[in-house]
Amino acid sequence: SRRIPLPMTVNGNAELSLAGGTLVVPKVLWGVLLVTDEMGKKSSVEQLGALIQVLSSMDLAEVMPMGPIALLQEVLRHLVHTKRLLEAYQCMEDEEEKAACRLQMGQAFDEALGILSRHRPSASGWHNLRRAHILRKCPEVANLLHDEPWTPVAMVAVALAHGALALSIGRLGSGFLACSVAVVAAAAPGGFFAFGLQALNHELSHAVTTPLAAPLALLGSSLTAVPWYSYYFSGGHARHHRSAGTPEDIDREAFFWAWERAPHCLDSPLGSLTWASIVALGLPVLYVCSLGVCLLANWRDNVTETIYFLADFCAAVAVHIVLALVSSWTSVLYLILSMAFGNGFLLHPLIGFWILQHMCHTDNLGKESMVVQPTVSYSGPAWWNWLNFNQLSHIEHHDFSRIPWTRLGQLRALAPDFYDYRELHSIPSILSLVWYWVNKRGNKFHFGCVFEPVPTGSSKGGPGPGKEASVKKRL
């Protein structure tokens, strides 16, 4: 077993280590962070009580190394100070004294949560850490950081094939035979075409020097009902790479919460199949609802994405209407079902991409430490990954988003110690992953090792107990 033990810093301060490319976190620090997640939707007073209880029950001096000891002792000091201020506040009658006490409570409580937030191991922090060490040990990796000239060609080819097949099916008419052909074609080549248009949209959004990247992405997106052009090109995906696993990244709130857990009434194998199909068909609606919520909350910060979405929407409507007029409505049925199968309709194996990418993995590593891995890659047969346009190599992609899909295998070859799947947790079988997801009750996985919305704080103080701290979130 090859190990690369290195002292590390994640999110600024937390002393962690990298072992075989995975983060090793003090177990009790991770336990406290889980409490902040579990209490994320509770009131500040409830959060205060829960954190004081868990920290007071620990023998910090014996169970932790010096770095985490000092960290959690400082958090506990701020929390105890907040509790004393709260007790004093409840006995005050003068309004000026109460206002000053509220401010002090807010500052102390916010500082405690801020310390925990800054020391939380995140997906973006992990990948930043890995990227720096890979480039230091394997500088030749930098030679892979340039656009792939075949990506625009692939986008045109997939779009033409998808459109031609839709047109051919439409010309069969609108009878039972034509509908049957549309369903079968959507499940086999159509789902892969639709997934490919999404994947190539994603690739072109990272291709900063490729001419006509945006128009080609819009062309591909117009053949699906999901506004992938808007999703990838309006800035939200770049923010996902900068801040994955932190409150600033809302990919989980926009889409991925739908795969984390089925509704209680559908919490069964058959219900999971039903829920996966509802999500696959309803993904465009989910996107529109997420954008609408963000517009209502702060429309000025979402004007750009709205413009991208309107362009995407108009292009998609135009293409679907033209195909229906030129052939028949079965061409549109084929396109919509292809989009759904590409998103995992009826548990199509392509659902593996949506489940796998930031599926949190944790494991014990001795008595005092544990491994935390917020991103996962596929390690099964290479042909399936190529059918997914190498989108299943998600660790590699987040390590170096500027390395295109065609060169991720070269990245692994140049830095084998950092992509050793005997050390990193990986998914060797998509079918086994889907089987696990279908049969898992309750929370099926946690996106980016975020178990609930993460409480945050700032050094300038903020809402005190009884009021919720807020983070400006944009799609």
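Where is the place of H394? In this predicted model, H394 sits in helix α18, which covers residues 394-399. The sections below start from the chain as a whole and then return to H394 and other residues.

## The chain as a whole

The secondary structure of the chain amounts to 20 helices and seven strands. The chain has 475 residues, and 55% of them count as buried. Among contacts between residues at least 6 apart in sequence, 75% join residues that are at least 24 apart.

## Nonpolar cores

In soluble globular proteins, nonpolar side chains tend to be buried together. The largest nonpolar core in this model has 69 residues. Which of these residues touch the most other members? They are W228, F255, W259, L283, Y334, I430 and W437. With neighbours within four places in sequence left aside, W228 is in contact with Q198, N201, S221, F255, L283, D312, N343 and W354. Apart from the largest core lies another core, of 48 residues, and A112, I134, V141 and A415 are among them.

## Helices α14 and α15

Two packed helices are described by the angle between their axes and the distance between the axes. Helix α14 runs over residues 303-326 and helix α15 over residues 329-342. Their axes come within 6 Å and cross at roughly 140°. Angles over 145 degrees would count as roughly antiparallel, and α14 and α15 are therefore oblique to each other. On the α14 side, the residues that meet α15 are H320, L323 and A324. On the α15 side, they are W329, S331, V332 and L335. By class, this contact of α14 with α15 has five nonpolar residues, two polar residues and no charged residues.

L337 is also found in helix α15. L337 is buried, because its relative accessible area is 14% and the cut-off for buried is under 20%. Leaving aside neighbours within four places in sequence, L337 is in contact with V183 and A186. The C-alpha atoms of L337 and A185 are separated by 9.2 Å, while the two residues are 152 residues apart along the chain.

## An aromatic pair

A pair of aromatic rings is described by the distance of the centres and the angle of the planes. The structure holds 24 aromatic pairs. One of them is formed by F192 and W384, with 5.8 Å from centre to centre and 85° between the planes. This pair is edge-to-face. F192 lies in helix α8 (residues 176-206) and W384 in helix α17 (residues 382-387), so the pair ties together parts that are 192 residues apart in sequence.

Are F192 and W384 buried or partly exposed? F192 counts as partly exposed, at 22% relative accessibility. W384 is buried, with a relative accessible area of 10%.

## Three buried residues in helices

The table lists three residues with their helices and relative accessible areas.

| Residue | Helix | Relative accessible area |
|---|---|---|
| V32 | α1 (residues 27-38) | 0%, buried |
| T151 | α7 (residues 150-170) | 4%, buried |
| H394 | α18 (residues 394-399) | 4%, buried |

Which residues does V32 touch, not counting residues up to four places away in sequence? They are L51, L55, M58, L72 and L116. V32 and A50 are 18 residues apart in sequence, and their C-alpha atoms are 9.8 Å apart in space.

T151, not counting residues up to four places away in sequence, touches L200, E203, L204 and W405. For H394, leaving aside neighbours within four places in sequence, the contacts are F353, Q357, H358, T375, V376 and S377.

## Two residues with positive phi

Most residues other than glycine have a negative phi. L347 is not a glycine, yet its phi is positive, near 60°. L347 lies in the loop between α15 and α16. At 18% relative accessibility, L347 counts as buried.

N390 also has a positive phi, of about 60°, although it is not a glycine. Where is the place of N390? N390 is in the loop between α17 and α18. At 6% relative accessibility, N390 counts as buried.

How values were computed
Residues numbered from 1 in each chain as written. Predicted model: local features only at pLDDT ≥ 70, side-chain atom pairs only at ≥ 80, totals over all residues. Heavy atoms only, no water. Axes fitted to C-alpha atoms, helices over the stretch in contact; angles between N-to-C directions. Parallel < 35°, antiparallel > 145°, perpendicular 65-115°, else oblique. Contact = heavy atoms within 4.5 Å. Nonpolar A, V, L, I, M, F, W, Y, C, P; charged D, E, K, R; others polar. Core = buried A, V, L, I, M, F, W, Y, C linked by side-chain atoms within 4.5 Å. Buried < 20%, exposed > 50% of the residue type's maximum accessible area, 1.4 Å probe, protein only. Phe/Tyr/Trp six-rings, centres within 6.5 Å; stacked < 30°, edge-to-face > 60°.
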